[in-house]
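Reader: I'm new to this one. Could you show it to me and explain where the labels come from?

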Amino acid sequence: IHVGEVQNLYKSNKVSSKRYPSALSTLDLHGYTRQDALMKLDESLKVWEEAAMQGSYPFVQPAMIICGCGNQILSETVYEWIRSNDKVSNAPRVQSTRR
């Protein structure tokens, strides 16, 4: 995902090629309940927003959310959480050059 200034979220495809999510901007939700995952996402959003605003223009930071597999409850929860937050967008998909 990308986190940061709303007006720059969809103009920031160059951000992901320059900076990769650090340990602080990676959130592993394995083992969380839906409610606990939502609380952890909201807590992390505050940290990610602050880091984005302390960075440089376009004030957008990449972050990685790991949901795991299983019955997809966490994946659906994260998807809805992204859609409900103006300062969060899905990162552009990177096409693999492998053959």
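Author: Sure. A residue is buried under 20% relative accessible area, exposed over 50% and partly exposed in between, with a 1.4 Å probe and protein chains only. This is a predicted model, where local features need pLDDT of at least 70, side-chain atom pairs count only at pLDDT 80 or more, and totals for chains, interfaces and linings use all residues. Residues are numbered from 1 along each chain as its sequence is written, and side-chain values use heavy atoms, leaving out hydrogens and water.

Reader: Why is Tyr 57 called exposed?

Author: Its relative accessibility is 63%, and the cut-off is over 50%, so Tyr 57 counts as exposed.

Reader: And what makes Phe 59 partly exposed?

Author: Phe 59 has 23% relative accessibility. That value falls in between the 20% and 50% cut-offs, so partly exposed is the label.

Reader: What makes Tyr 57 and Phe 59 an aromatic pair, and of which kind?

Author: Rings of Phe, Tyr and Trp (its six-membered ring) pair if their centres lie within 6.5 Å; planes under 30 degrees apart are stacked, over 60 edge-to-face, and the rest tilted. A search of the whole structure turns up 1 aromatic pair. Here the centres of Tyr 57 and Phe 59 are 6.1 Å apart and the planes are at 90°, so by the cut-offs the pair is edge-to-face.

Reader: How do you know that the buried residues of helix 2 are on the same side?

Author: Helices (H or I, at least four residues) and strands (E, at least two) are DSSP runs, numbered from the N terminus. In helix 2, the buried residues are Ala 37, Leu 38, Leu 41, Ser 44, Leu 45, Trp 48 and Ala 52. They cover an arc of only 135° around the axis, so they sit on the same side; the arc is taken from the directions from the helix axis to the C-beta atoms. On the other side, Gln 35, Lys 46 and Gln 54 are exposed.

Reader: Why does the span of helix 3 agree with what is expected?

Author: The expected span is 1.5 Å times one less than the number of residues. For the 12 residues of helix 3 that gives 16 Å, and the end C-alpha atoms are 17 Å apart, which agrees.

Reader: Which residues are buried in helix 3?

Author: Leu 74, Thr 77, Val 78, Trp 81 and Ile 82 are. Their arc is 135° too, so they line one face of the helix. Glu 76, Arg 83 and Ser 84, on the other side, are exposed.
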